[in-house]
Amino acid sequence: MPASVVVLLSGGLDSATVAAQAIADGYEVIALSVRYGQRHDRELQAAQAIVAALGIAEHLVVDVNLAAWGGSALTDRAIAVPTEGSPTEVIPVTYVPGRNTIFIAIALSLAEARGAKAVYLGINAVDYSGYPDCRPEYLAAYQQLAALSSKAGIEGHAPQLVAPLLHLSKVQIVALALQLKVPIALTWSCYQGGSVPCGQCDSCRIRDAALIAAGRADLASAGGGCDRP
């Protein structure tokens, strides 16, 4: 029986690609999604569709209501989602305080409880909108914490944090997704909470530009596709 890994699956292009990569690496995938009060919870439907398309046997969805205190355009509807791009020198209002820190902690708990070898993450340090919790130094520090804070770590086999897309551009991620036959059309990108992608938020803009550059304009927002970084 193959070793297992936990994949944090948002429902977007990056996490779907990481799930497909984990399968290609020979692992049995335990998919983990989080309902955190996001205005674009349509992505959770996408996660379910991706799980079915990739043949993943187990998909857990946990609730952590970060909307209870807001602080982000993704969890507080009083804060507008930017539709004209965000300045590159500031962290955008779509940053969710503590989101990755909380998600990875939950994933590590699941991985340790199940004896999973690793946690696969879709974080990216190239086209990442300036989020502080998508940087290599953040990931390295969290790996140290995983080793220090768990029974598995004390015993010398803490789950590894694996980020296959960390240093890839969005165009390279699209190319990898196509190579791995990721069902890109099933994924969800848009930060808005509508039924179709807006094509204007940062997430849509980054995705659409990469898809067009990769020769798959048919999967961009205007072409009917929907995915999320």
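Colleague: What orientation do α1 and α6 have to each other?

Modeller: In this predicted model, local features need pLDDT of at least 70 and side-chain atom pairs count only at pLDDT 80 or more, whereas totals for chains, interfaces and linings use all residues. Residues are numbered from 1 along each chain as its sequence is written, and side-chain values use heavy atoms, leaving out hydrogens and water. The helices, which are DSSP runs of H or I with at least four residues (strands are runs of E with at least two), are numbered from the N terminus, and α1 packs on α6 at an angle of about 45 degrees, with the axes 10 Å apart. Angles under 35 degrees count as roughly parallel, over 145 as roughly antiparallel, 65 to 115 as roughly perpendicular and the rest as oblique; α1 and α6 are therefore oblique.

Colleague: Which residues of α6 are met by α1?

Modeller: Contact means heavy atoms within 4.5 Å. From α1, the residues involved are L13, D14, T17 and Q21. Their partners in α6 are K170, I173, V174, L176 and A177.

Colleague: How many residues of α1 are buried?

Modeller: Buried means under 20% relative accessible area, exposed over 50%, and partly exposed in between, with a 1.4 Å probe and protein chains only. The buried residues of α1 pack against β1, β2, α2, β4 and α6. Helix α1 has 12 residues and is mostly covered, the number buried being 10.

Colleague: Which hand does the crossing of α3 and α4 have?

Modeller: Helix α3 (residues 99-114) and helix α4 (residues 136-148) pack at an angle of about 40 degrees, with axes 12 Å apart. A crossing is left-handed if the near helix is turned anticlockwise from the far one by less than a right angle, and right-handed if clockwise. The crossing of α3 with α4 is right-handed.

Colleague: Which residues of α4 make the contact with α3?

Modeller: On the α3 side, the contact is made by N100, T101, I104, A105 and L108. On the α4 side, it is made by Y138, Y142 and A146.

Colleague: Is L74 buried or exposed?

Modeller: L74 is found in the loop between β3 (58-63) and α3. Leaving aside neighbours within four places in sequence, L74 has contacts including Y36, H40, V96, R99 and Y191. Because its relative accessibility is 0%, L74 counts as buried.

Colleague: What distance separates the C-alpha atoms of L74 and D41?

Modeller: L74 and D41 are 33 residues apart along the chain. Their C-alpha atoms are separated by 9.7 Å.

Note on methods: The expected span of a helix is 1.5 Å times one less than its number of residues. Axes are lines fitted to C-alpha atoms, for helices over the stretch in contact, and angles run from 0 to 180 degrees between N-to-C directions.
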